[in-house]
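Welcome to a short set of exercises on reading a protein structure. Have the viewer open, try each task yourself, and then compare your steps with the worked solution.

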Amino acid sequence: MQGTSAPPTDDSALVAALRAGDEGAFAELIDAHGASLLRVAMSYVPSRAVAEEVVQETWLAVLSGLDSFEGRSSLKTWVFRILTNRAITRGTRERRTVPFSSLAGPEEDGEAMDADRFLPASHDRWPGHWALGPTRWRTPEEGLLAGETREVIVGAIDVLPSAQRAVITLRDIEGWPSAEVCEVLELSEGNQRVLLHRARARVRTAVEQHLGPVATV
């Protein structure tokens with residue numbers, strides 16, 4: 001790598017800077033996506049240490065493969081595809097993952113939660129999010145911001161099947177739109193929706209068990 005320059009503001013400028021060996025551009029890319037890459041990698045592998053290795057391998061692959069990047073997808077999508085492919089391979093080697101197709105079908109354990117427990121896809125602010133919270137979700141001290149409850153949520157996500165965990169990580173933690181998640185994980189919209197619903201249902205169940213039953217009116 002060579003010297004630094006002002007951070008590029010779009011994919012084409014960023015890619016050009018990366019190809020020119022701009023250390024500042026590479027640092028910008030790491031700052032923008034490093035933490036997210038680690039979270040997604042942890043969906044597939046058994047430990048943070050292994051996930052960190054996968055992320056490092058991904059960055060090396062990005063640097064070595066820049067000349068092959070054609071811009072048919074966003075740079076972010078391209079980077080995350082490299083990450084997920086490597087994480088799936090590593091996770092399979094560690095015997096911790098199964099194919100996405102086997103997780104999206106009806107044979108998966110557990111029942112989905114009733115649709116009316118979630119806001120509709122057409123909701124203007126929170127499409128697909130929980131419509132009702134347990135009765136004790138009243139204050140930050142008692143509700144979702146409480147450290148103990150956060151641990152319950154993190155713990156529930158940690159034990160999800162790999163596909164569900166990857167989808168809920170990108171949708172609800174990273175805030176990605178469904179189209180980008182489908183592109184990166186190579187899922188149909190229908191499969192992505194099923195995986196997200198099942199993941200949210202399992203997390204919801206864990207939170208309800210921790211905080212108490214849902215209020216009824």
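**Exercise 1. Is Glu53 buried, partly exposed or exposed, and what does its side chain meet?**

Step 1. Start with accessibility: Glu53 has a relative accessibility of 38%. Buried means under 20% and exposed means over 50%, with partly exposed in between, so Glu53 counts as partly exposed. Keep in mind that this is a predicted model.

Step 2. Now look for a partner. The side chain of Glu53 forms a salt bridge with that of Arg90, at 2.7 Å from N to O.

Step 3. Place both ends. Glu53 sits in helix H3 (residues 48-65) and Arg90 in helix H4, and the two are 37 residues apart, so the pair links distant parts of the chain.

Step 4. Check the partner's surroundings: Arg90 has 11% relative accessibility and therefore counts as buried.

Step 5. Widen the view. Glu53 and Arg90 belong to a network of salt bridges that also includes Glu57 and Glu94. For the chain, the count comes to 12 salt bridges.

**Exercise 2. Which parts of the chain does the salt bridge of Lys76 and Glu180 tie together?**

Step 1. Find the bridge: the side chains of Lys76 and Glu180 meet at 2.8 Å, N to O.

Step 2. Locate the two residues. Lys76 lies in helix H4 and Glu180 in helix H8 (residues 178-185), so the bridge ties together parts that are 104 residues apart in sequence.

Step 3. Compare with the surface. Lys76 is partly exposed, with a relative accessible area of 22%, and Glu180 is partly exposed at 23%.

**Exercise 3. At what angle do the axes of H2 and H4 cross, and which residues meet there?**

Step 1. Find helix H2 (residues 23-41) and helix H4 (residues 75-93); their axes come within 10 Å and cross at roughly 35°. The crossing is right-handed.

Step 2. List the meeting residues. From H2 come Leu29, His33, Ser36, Leu37, Val40 and Ala41, and from H4 come Leu75, Lys76, Val79, Phe80, Leu83, Thr84 and Ala87.

Step 3. Sort them by type: the contact holds 9 nonpolar, 3 polar and 1 charged residue.

**Exercise 4. Why is H7 said to be largely enclosed, and what surrounds Arg171?**

Step 1. Count the buried residues: in H7, 10 of the 12 residues are buried, so the helix is largely enclosed by the rest of the structure. Among them are Ala163, Val167, Ile168 and Leu170.

Step 2. Look at a charged one. Arg165 is buried, with a relative accessible area of 11%, and its side chain makes a salt bridge with Asp158 at 3.1 Å, N to O. Asp158 itself is partly exposed at 39%.

Step 3. Turn to Arg171, which is also found in H7 (residues 162-173). Arg171 is buried yet has no salt bridge; Asp172, the nearest side chain of opposite charge, is 5.4 Å away. A salt bridge needs the charged atoms within 4 Å.

Step 4. See what Arg171 does touch. Beyond its neighbours within four places in sequence, its contacts include Trp176, Pro177, Val181 and Leu196.

Step 5. Follow the chain onward: just after H7, Gly175 takes a positive phi of about 75°.

**Exercise 5. How many helices and strands does the chain have?**

Step 1. Count the elements: there are 9 helices and 0 strands.

Step 2. Add the wider picture. The chain has 217 residues, of which 43% count as buried.

Terms used: Residues are numbered from 1 along each chain as its sequence is written. This is a predicted model: local features need pLDDT of at least 70, side-chain atom pairs count only at pLDDT 80 or more; totals for chains, interfaces and linings use all residues. Side-chain values use heavy atoms; hydrogens and water are left out. Helices (H or I, at least four residues) and strands (E, at least two) are DSSP runs, numbered from the N terminus. Buried means under 20% relative accessible area, exposed over 50%, partly exposed in between (1.4 Å probe, protein chains only). Lys and Arg count as positive and Asp and Glu as negative; His and the chain ends are not counted. Contact means heavy atoms within 4.5 Å. Axes are lines fitted to C-alpha atoms, for helices over the stretch in contact, and angles run from 0 to 180 degrees between N-to-C directions. A crossing is left-handed if the near helix is turned anticlockwise from the far one by less than a right angle, and right-handed if clockwise. Ala, Val, Leu, Ile, Met, Phe, Trp, Tyr, Cys and Pro count as nonpolar, Asp, Glu, Lys and Arg as charged, and the others, Gly among them, as polar.
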